[in-house]
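Colleague: Could you take me through this model before I return to the bench? I would like to begin with one helix and move on from there.

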Amino acid sequence: MENIRLLDCTLRDGGYINDWNFGEKTIRSIIDRLIEAKTDLVEVGFLRNCTYDPDRTLFHSVRELKKVLPSSHGNTKFVAMALHNQYDIRNLEECDGTVDAVRVTFHDYDAEEGLDFCRKVKEKGYQLFINPINIMGYRDQELVKLLKKVSNLEPYGFSIVDTFGSMTKKELVRIYSLCENNLDEAIVLGLHLHENMAQSFLLAQTFLEMKDPRRNCVLDASLNGMGRVPGNLCLELIMDYMNRSYGKDYDIDPVLDAIEEYITPIKSREPWGYMAEYFISAKYNLHRNYAEYLLSKGTLTARDMHQILKMLPENKKSAFDPACIEELYQEYKNQTVSDQASLGSLKQIFEGRAVVLLAPGTSLEYQWDKVKGYIRSQKAIIVSANFYFAEQEGGFAFFSNAKRFAEYQALRKQDIHVILTSNITKGVRPGDDVINYRRLALEGEEPSENCGIMLLRLMSLLKVKEAALAGFDGYTEEGEDYMKGYFGAFQNAREGDNRKIAGEIRKLQKKIKILFLTPSQYEEAV
């Protein structure tokens, strides 16, 4: 099967993980290992409007790209990719054979500009590979129209790019059929897959089994699937499969060595691979940034994300719109409930009382005896904030974070009363008090989603006499901010601005007496 070739895109697509900062020695070594493995094509990186850095796989010109290429490379050929609106074609030199092909990518909404860019690449003598973004976003008639324009350009190749990882076997068969029947038979057909639905290896096998034997094809893959989360087809898997099923003779050992030496250390710091959240974005064929944006909030369960992503309008799906997803997030989060009865009953319990508010800082663990002494002397009510504390007996547990509450459910104690904000809809039991999220998060000039601040605002509404804080240690750049066994650190670190939170505490001190039972960076900032 000489007409089936593999393209490694680690240094290009994998760069989304580490900002293309592999290091010059690693770049050269990865290329050498891929050559040793007899990889057919190596995509060395992006052509970009940028300042060249030898440690990164972003290049302003082919002249710069040449610096990382070995003089001897067997039958391995080199390619680069350019997003048409991020690279000035005037910086691309005439082809001298060093780089065999340039892969050009564009969206459906700027296809004409992209195709014009493609013509100019071809005029400079390069083999042209056209990689349209999100082929799943094209209706059949739109794709046929694009394919006819592509055929008229007579490129070297055209790729089926499953940008959002939403393709199923049935959809691959449909799109392949459209491409096979509407592309000139001399055009190489490529396939670029993502792991959103954990199907890339299956889809690659399906593609190889159904392709016309007369059609040349190229499969994209990367070392250990390295690529923008959740990742790509694994080079080592598809190499081994093609050796066993198609009589290829790729050498897997250099690939495994490269993974062990260079890729695994990166993955330990910035992991990729299948995640349920990215399955949800793929299910609706959405730009993956939507899932990443909601994940960064650190407050949503997969169920919540599912509900929000379902709300995205059709015309916002393929191009990421942060304003749109933030609006939907706020709309979902600020669901209102009738909370007057809950506020009334809680006020009867809390008004005029001292309370101890518990957060999961490490100080709570080693100063728990001191905290217990204060609780006894003041007959204080205990309220934990967004976490399970094994030592707590009785009192209240307050949750504003749906993800933390979902984890709390299995550990929930019968003698602890639960107070929730209205953004939490799953797992609410009869007797739980639900308070409007907006009432606690949007008080004052700026919204604050910090659980401790929201809890203090609630205590102010309930007219408590004194709020003593324990375990509110504050955030540090490095180090252990949370107790051992705590079920998860906050992902939304931007809300860990100590000065901002201290400023909110300062405002609340005008309404409620606040003291710190354990050491806190907030106390220093106040």
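Modeller: This is a predicted model. Helix α20, residues 451-461, is mostly covered, with 10 of its 11 residues buried.

Colleague: Which residues of α20 are buried?

Modeller: They are Cys451, Gly452, Ile453, Met454, Leu455, Leu456, Arg457, Leu458, Met459 and Ser460.

Colleague: What is found at the start of α20, and what comes just after α20?

Modeller: At the start of α20, a side-chain oxygen of asparagine 450 comes to within 3.0 Å of the backbone nitrogen of glycine 452. Just after α20, lysine 463 has a positive phi of about 65°.

Colleague: Now the nonpolar cores. How many residues does the largest one have?

Modeller: The largest nonpolar core has 104 residues, and Phe158, Leu208 and Ile238 are those with the most contacts inside it. Helix α10, residues 252-269, gives the most to this core, namely seven residues. A second, separate core has 36 residues, including Ala441, Ile453, Phe472 and Tyr522. Ile453 is also one of the buried residues of α20.

Colleague: What is isoleucine 238 in contact with?

Modeller: With its neighbours within four places in sequence left aside, isoleucine 238 is in contact with Leu6, Phe201, Ala204, Leu208, Leu219, Ala221 and Leu233.

Colleague: Let us turn to α13. Which of its residues are buried?

Modeller: In helix α13, residues 302-310, the buried ones are Asp304, Met305, Ile308 and Leu309. They cover an arc of only 125° around the axis, so they lie on the same side of α13.

Colleague: What do those buried residues pack against?

Modeller: The buried residues of α13 pack against four helices: α11 (276-283), α12 (288-297), α14 (322-333) and α18 (402-408).

Colleague: On to the cysteines. How many disulfides does the count come to?

Modeller: The count comes to zero disulfides. For cysteine 95, the closest cysteine sulfur is that of cysteine 118, and because the two sulfurs are 16 Å apart they are too far for a bond. The sulfur of cysteine 234 is 11 Å from its closest counterpart, in cysteine 9, which is also too far for a bond.

Colleague: Are cysteine 95 and cysteine 234 buried or exposed?

Modeller: Cysteine 95 is partly exposed, at a relative accessible area of 28%. Cysteine 234 counts as buried, with 17% relative accessibility.

Colleague: Which peptide bond is cis, from valine 229 to what?

Modeller: The bond from valine 229 to proline 230 is cis, with omega near 15°. Proline 230 sits in the loop between β9 (217-221) and α9 (235-246).

Colleague: And positive phi: where are tryptophan 20 and asparagine 134 found?

Modeller: Tryptophan 20 is in the loop between α2 (15-18) and α3 (24-36). Its phi is positive, about 60°, although tryptophan 20 is not a glycine. Asparagine 134 lies in the loop between β6 (127-132) and α6 (140-153), and asparagine 134 has a positive phi of about 55°, again without being a glycine.

Colleague: Are those two buried or exposed?

Modeller: Tryptophan 20 counts as buried at 7% relative accessibility. Asparagine 134 is buried as well, with a relative accessible area of 6%.

Colleague: Last topic, charges. How many salt bridges are there in the whole structure?

Modeller: A search of the whole structure finds 30 salt bridges. One of them joins aspartate 116 and lysine 120, at 3.3 Å from N to O. Both residues lie in helix α5, residues 111-123, four residues apart, or about one turn of the helix. Aspartate 116 is partly exposed at 33% relative accessibility, and lysine 120 is partly exposed at 34%.

Colleague: Which pair links distant parts of the chain?

Modeller: Arginine 174 forms a salt bridge with aspartate 140, and their closest N and O atoms are 2.5 Å apart. Arginine 174 is in helix α7 (residues 169-182) and aspartate 140 in helix α6, so this pair, 34 residues apart, links distant parts of the chain.

Colleague: What about arginine 214 and aspartate 212?

Modeller: Their side chains meet in a salt bridge of 2.7 Å, N to O. Arginine 214 is exposed, at 67% relative accessible area, whereas aspartate 212 counts as buried, at 18%. Salt bridges with shared partners also join Arg12, Asp13, Glu43, Arg103 and Asp220 into one network.

Methods: Residues are numbered from 1 along each chain as its sequence is written. This is a predicted model: local features need pLDDT of at least 70, side-chain atom pairs count only at pLDDT 80 or more; totals for chains, interfaces and linings use all residues. Side-chain values use heavy atoms; hydrogens and water are left out. A disulfide is a pair of cysteine sulfur atoms within 2.5 Å. Buried means under 20% relative accessible area, exposed over 50%, partly exposed in between (1.4 Å probe, protein chains only). A nonpolar core is a set of buried Ala, Val, Leu, Ile, Met, Phe, Trp, Tyr and Cys residues joined through side-chain atoms within 4.5 Å. Helices (H or I, at least four residues) and strands (E, at least two) are DSSP runs, numbered from the N terminus. Contact means heavy atoms within 4.5 Å. The arc is that of the directions from the helix axis to the C-beta atoms. A polar contact is a pair of N or O atoms within 3.5 Å; within protein, one must be able to donate a hydrogen and the other to accept it, and residues adjacent in sequence count only if both atoms are side-chain atoms. A salt bridge is a side-chain nitrogen of Lys or Arg within 4 Å of a carboxyl oxygen of Asp or Glu.
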